[in-house]
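Please look over the sequence and the three-dimensional structure shown here before reading on. The paragraphs below then lead from one buried residue to the chain as a whole, and from there to its helix packing and salt bridges.

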Amino acid sequence: MTQNSTSGAAKDAADQNFDYMFKLLIIGNSSVGKTSFLFRYADDSFTSAFVSTVGIDFKVKTVFRHDKRVKLQIWDTAGQERYRTITTAYYRGAMGFILMYDITNEESFNAVQDWCTQIKMYSWDNAQVVLVGNKCDLEHDRAVTLERGQRLADQLGLEFFETSAKENVNVKIVFERLVDIILEKMSDTPEDASGIGQGANAYGNPGGGYNKGSTKLTANDSQTKRDSCQC
């Protein structure tokens, strides 16, 4: 990372001028491209060298959506089973998940349902999920068709995108859409109301969701999520 991008990231992380803070997690099997996906979005960088994430890491990025300044705390989780106890602790308080598989890896696609079960077990009922089939630049190695990915997403009640961190295809769109879904589900709770998201500024804390106003989802929104999505 260059010095300018490093200083920019540090400034973004320290900035307290925002309307909401959302905690997002990128989950999925090892080597599906979660880290590259995050780096492409946060730093607009890509490296083909694969280094397995140890435990969990995060980046911070601020975006403007629907006239709101939203600070994103994006966690990159390890996909290996041996880190599962660590990573699932961070599900608590997450407002959104990017559930990722590799279109060239059938096993990663078959694991999507298991990851959905993990979300259902460890996250809030109102957490929003987007399904992503990554590495669509590797069309000649494709093992999972676009139609199968869309069909699974429909079965799970999720929105679906195919992406490429390498070619920067749909990366920004995925994050923007996930933020939009969360904002769309939020009710007009008064800013002085007590509610969800305490501790969201403590980046090392597995808890924390969104704050600055403590806006929460309505009970109806939560029930609708459970009825429409198997995650």
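Which residues does E162 touch, not counting residues up to four places away in sequence? In this predicted model, E162 touches I103, G133, C136, R142, V144, T145, L146, V169 and N170. E162 itself lies in strand β6, which covers residues 159-162, and it is buried, with a relative accessible area of 11%. Among the residues that E162 touches is R142, and with the side chain of R142 the side chain of E162 makes a polar contact at 2.8 Å.

It helps to set this residue within the whole chain. The chain has eight helices and six strands, and when these are read along the sequence they follow the pattern α-β-α-β-β-α-β-α-α-β-α-β-α-α. Of the 231 residues of the chain, 50% count as buried. If one takes the contacts between residues at least 6 apart in sequence, 76% of them join residues at least 24 apart.

A second place to look is helix α2, which runs over residues 34-43 and whose buried residues are K34, F37, L38, R40, Y41 and D43. The helix is followed by D44, a residue whose phi is positive, near 55°. Two packed helices are described by the angle between their axes and the distance between the axes. For α2 and helix α7, the latter comprising residues 171-185, the angle is about 85° and the axes are 9 Å apart, which makes α2 roughly perpendicular to α7. On the α2 side the contact is made by F37, R40 and Y41, and on the α7 side by V171, K172, V174 and F175. Sorted by class, the contact of α2 with α7 has five nonpolar residues, two charged residues and no polar ones.

Charged side chains also meet elsewhere in the chain, where the count comes to eleven salt bridges. One of these is formed by K59 with D43, the closest N and O atoms being 3.0 Å apart. Because K59 lies in strand β2 (residues 56-65) and D43 in helix α2, the pair ties together parts that are 16 residues apart in sequence. K59 is buried, with a relative accessible area of 15%, and D43 is listed among the buried residues of helix α2.

Strand β2 takes part in another such pair through R65, with which D180 forms a salt bridge whose closest N and O atoms are 2.7 Å apart. Since D180 lies in helix α7 and R65 in strand β2, this pair ties together parts that are 115 residues apart in sequence. Is D180 buried or exposed? With a relative accessibility of 9%, D180 counts as buried.

Within helix α7, the side chains of K172 and E176 meet in a salt bridge, at 3.8 Å from N to O. These two residues both lie in helix α7, four residues apart, which is about one turn of the helix. K172 is exposed, with a relative accessible area of 52%. Salt bridges that share partners join R65, K172, E176 and D180 into one network. K172 also belongs to the α7 side of the contact with α2, and it therefore appears both in that helix contact and, as an exposed residue, in the salt-bridge network.

Conventions. Residues numbered from 1 in each chain as written. Predicted model: local features only at pLDDT ≥ 70, side-chain atom pairs only at ≥ 80, totals over all residues. Heavy atoms only, no water. Buried < 20%, exposed > 50% of the residue type's maximum accessible area, 1.4 Å probe, protein only. Axes fitted to C-alpha atoms, helices over the stretch in contact; angles between N-to-C directions. Parallel < 35°, antiparallel > 145°, perpendicular 65-115°, else oblique. Contact = heavy atoms within 4.5 Å. Nonpolar A, V, L, I, M, F, W, Y, C, P; charged D, E, K, R; others polar. Polar contact = N/O pair within 3.5 Å; in protein donor to acceptor, adjacent residues only side chain to side chain. Salt bridge = Lys/Arg side-chain N within 4 Å of Asp/Glu carboxyl O.
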